[in-house]
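Visitor: I'm new to reading protein structures. Could you walk me through one, feature by feature?

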Amino acid sequence: MIQSTLRHEFPELFRFVDDEKVAVHYTPKYRQFAIGLYTVPALQTISFCPFSGRELPRCLREDFMDRIEGLDLEPFETSTHPPAFHSEEWWVTEGL
């Protein structure tokens, strides 16, 4: 089970995120929800909960990359990232 500060706001969505048989994904450090595609190994980011119709918080992938590059770190060299950037901690702390 993925820990998330958003779990209480979108319980029906996280029920599917937690189910390995369903292709709904959540990446905490980017605050990104996506649906897996079966025709190619890729994800399609979603902006609305497919179960409640509610708008999801904006994805922070670009913000994440900006912060990491601002620290003079390589975005995909995750072993060099501060611990807060491996989870939701960085964007929760920043109030995003």
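Guide: Let's look at burial, aromatic pairs and one arginine in turn. Before that, a word on the source: this is a predicted model, where local features need pLDDT of at least 70, side-chain atom pairs count only at pLDDT 80 or more, and totals for chains, interfaces and linings use all residues. Residues are numbered from 1 along each chain as its sequence is written, and side-chain values use heavy atoms, with hydrogens and water left out.

Visitor: Fine. Is Ile 68 buried or exposed?

Guide: Here's the rule: buried means under 20% relative accessible area, exposed over 50%, and partly exposed in between, using a 1.4 Å probe and protein chains only. Ile 68 has a relative accessible area of 0%, so it counts as buried. Ile 68 sits in helix α2; helices (H or I, at least four residues) and strands (E, at least two) are DSSP runs, numbered from the N terminus.

Visitor: Which residues does Ile 68 touch, not counting residues up to four places away in sequence?

Guide: A contact means heavy atoms within 4.5 Å. With those sequence neighbours left out, Ile 68 touches Leu 73, Glu 74, Pro 75, His 81 and Phe 85.

Visitor: And how do I read a pair of aromatic rings?

Guide: You describe it by the distance of the centres and the angle of the planes. Rings of Phe, Tyr and Trp (its six-membered ring) pair if their centres lie within 6.5 Å; planes under 30 degrees apart are stacked, over 60 edge-to-face, and the rest tilted.

Visitor: How many aromatic pairs does a search of the whole structure find?

Guide: Nine. One of them joins Phe 14 and Tyr 26, edge-to-face, with 5.3 Å centre to centre and 75° between the planes. That pair links distant parts of the chain, with Phe 14 in helix α1 (residues 11–17) and Tyr 26 in strand β1, 12 residues apart. Both Phe 14 and Tyr 26 are buried. Another edge-to-face pair is Phe 64 with Phe 85, at 5.9 Å centre to centre and 65° between the planes. Here Phe 64 belongs to helix α2 and Phe 85 to the loop between α2 and α3, 21 residues apart. Phe 64 is buried at 0% relative accessible area, and Phe 85 is buried at 9%.

Visitor: Do rings ever group together, too?

Guide: Yes, Phe 10, Phe 14, Tyr 26 and Phe 33 form one aromatic cluster. The charged end of Arg 54 sits over the ring of Phe 10, 4.4 Å from its centre. To count, NZ of Lys or CZ of Arg must be within 6 Å of the ring centre and within 35 degrees of the ring normal.

Visitor: Now the arginine you promised. Where is Arg 31 found?

Guide: Look in the loop between β1 (24–27) and β2 (32–37). Arg 31 has a positive phi of about 50°, although it is not a glycine. Its relative accessible area is 7%, so Arg 31 is buried.

Visitor: What is the nearest side chain of opposite charge to Arg 31?

Guide: Asp 63, 7.0 Å away, and Arg 31 has no salt bridge. Lys and Arg count as positive and Asp and Glu as negative, while His and the chain ends are not counted. A salt bridge needs a side-chain nitrogen of Lys or Arg within 4 Å of a carboxyl oxygen of Asp or Glu.

Visitor: Then what does the side chain of Arg 31 reach?

Guide: The backbone oxygen of Leu 96, at 2.5 Å. Arg 31 also lies over the face of Trp 91, at 4.8 Å from the ring centre.

Methods:
A polar contact is a pair of N or O atoms within 3.5 Å; within protein, one must be able to donate a hydrogen and the other to accept it, and residues adjacent in sequence count only if both atoms are side-chain atoms.
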